[in-house]
Amino acid sequence: KEKFIKSYFDSEEGIGYNFGRLSIASCDYSTEYYTYVDENDETLDSFDISHDEKSVFPMVRQAKEYADITLFASPWSPPSYMKTNNHRIGGHLKKEYYGLWAKYFKKYIESCKEKGIDIWAVTMQNEPRHHQVWESCLYTAEEEAEFLGYIGKELEGTGVKIICYDHCRERIIDRSDVIFGSVNGKYCDGTANHWYSGDHFGELKAYYAKYPDKISIASEGCCAFNGKGITFEYDLSFAQKYAHDLCGCFNNGLNYYCDWNLLLDENSGPSHNREARPCSADAPVYYIKDKDELVYKLSYYYIGHFSKFVKKGAKVVATSAFSTNVETVAFKNPDGTIVCVLLNRNQNDITCIVNNKRNILEVPLKANSIKTIVIE
């Protein structure tokens, strides 16, 4: 456990993560279904967050020993009795429960704080456009804008930010226009997005141009493969996918970036209700229980080229390139250092000439490699 925590959150021995996501009650990679209230509780008097004290909160506390972590939280579904289909899979939130569900959010935030866990932001619903085969809940843009009024009033004065949408990038502008243009738009601090429908960096760029003062979070991304277990067949392509996405997102106005699962076991779990899907999500690190061994995938190191060197509060600085053979993004850290990541996804070795204010550096890039330059 100590090695795993250090690998991610220690800035010297690990790759310096300082941003993370919690699920509000269970998600598809939880060990089981669970919520924090008894069925049909109309008062939330039964609200009890002790389930997360078994594993989730101890891990967060351990990680906080190594990093100043900013945490946001997302629900996969309200309790069954609050939904139109009386089930945590699919359905919509009943209108008569908008107020109670908003109070549930506040109780979650308050309960976390009592446990020493500060929640910086909440997203209103994970993947509000999809009826998944696991915990899920559908919202139209108009429904999300309406519910925003309830959660906005409930969390007013708490300092907790409210993030809308939290789904694939190609609809960011469509959803944002409805939400920010609504009477409740003032309560929304930004949007979150996933990469599953493709890059859509142009959507991020358009969002940043149209709503420059609003937060933009890549809240989830993972690579999928058919089968279960640990595979190295796609190791390079998965790692390059992360680096490509990190470059593209931050060059187009993104503020925060979050991976999906930090760790999976040798069976691509724990998870439930995923049997209907033949594919599994990959993770940068796996744990093999029988061997008591951590397995590090190439994606762990590729992500580390960003997370280890780009510090909290860094600003993206402009870059331009002679060709698309090398993908790049650069940042200026609060201490003034410049971090430039260079990604070569080609089969050929390349020599780059990096010019920073007339300081010239020749950088060899091997085929299918990534390199980070730190300019003091």
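**Burial, pairing and cysteines in a predicted model**

Me: In helix α4, the residues that count as buried are A141, E143, E144, A145, F147, L148, G149, I151, G152, E154 and L155. What makes α4 a mostly covered helix?

Reply: The model is a predicted one. A residue is called buried when its relative accessible area is under 20%. By that criterion 11 of the 15 residues of α4 are buried, and the helix is accordingly described as mostly covered.

Me: Which elements cover the buried residues of α4?

Reply: The covering elements include α3 (98-114), β3 (121-123), β4 (161-168) and α5 (172-180).

Me: How do you know that the span of α4 agrees with its number of residues?

Reply: The expected span is 1.5 Å times one less than the number of residues. For the 15 residues of α4 (residues 141-155) this gives 21 Å, and the end C-alpha atoms are 20 Å apart, so the two values agree. After the helix comes G157, which has a positive phi, near 90 degrees.

Me: Why is T123 called buried?

Reply: The limit for burial is under 20%. T123 has 0% relative accessibility and therefore counts as buried. This residue belongs to strand β3.

Me: What makes the pairing of the T123 and D166 side chains a polar contact?

Reply: A polar contact requires N or O atoms within 3.5 Å, one able to donate a hydrogen and the other to accept it. The side chains of T123 and D166 make such a contact at 2.7 Å. Beyond four places in sequence, the residues in contact with T123 include F72, F105, I163, D166 and A192.

Me: Are Q240 and L365 buried or exposed, and how do you know?

Reply: Buried means under 20% and exposed means over 50%. Q240, with a relative accessible area of 9%, is therefore buried. L365, at 2%, is therefore buried too. Q240 lies in helix α7 (residues 235-250), whereas L365 is in strand β17 (residues 359-365).

Me: What is in contact with Q240 and with L365, leaving aside neighbours within four places in sequence?

Reply: Q240 is in contact with Y302, L343, N344, R345 and N368. For L365, the partners are V326, L342, N344, N348, D349, I350, C352 and K371. One of these, V326, is 39 residues from L365 along the chain, and their C-alpha atoms are separated by 9.1 Å.

Me: Why are β9 and β12 said to stand at the edges of their sheet?

Reply: The sheet is open, has mixed pairing, and its three strands follow the order β9-β11-β12. β9 (263-265) and β12 (293-296) each have a single partner strand, so one side of each lacks a neighbour in the sheet. On average, neighbouring strands here are turned by 30 degrees against each other, direction ignored. Helix α1 (residues 2-9) lies across β9, β11 and β12, at about 25 degrees to β12.

Me: How do you know that β9 and β11 are paired?

Reply: Pairing calls for at least two bridges. Three bridges join β9 to β11 (residues 285-288), and these strands run parallel. L264 stands opposite Y286 in β11.

Me: Why is C279 not assigned a disulfide?

Reply: The two sulfur atoms of a disulfide must be within 2.5 Å. The closest cysteine sulfur to that of C279 belongs to C222, at 8.3 Å, and is therefore too far for a bond. The count of disulfides by this rule is zero. Another cysteine, C164, has a relative accessible area of 0% and is therefore buried.

Note on methods:
Residues numbered from 1 in each chain as written. Predicted model: local features only at pLDDT ≥ 70, side-chain atom pairs only at ≥ 80, totals over all residues. Heavy atoms only, no water. Helix = DSSP H or I, 4+ residues; strand = E, 2+ residues; numbered from the N terminus. Axes fitted to C-alpha atoms, helices over the stretch in contact; angles between N-to-C directions. Contact = heavy atoms within 4.5 Å. Buried < 20%, exposed > 50% of the residue type's maximum accessible area, 1.4 Å probe, protein only.
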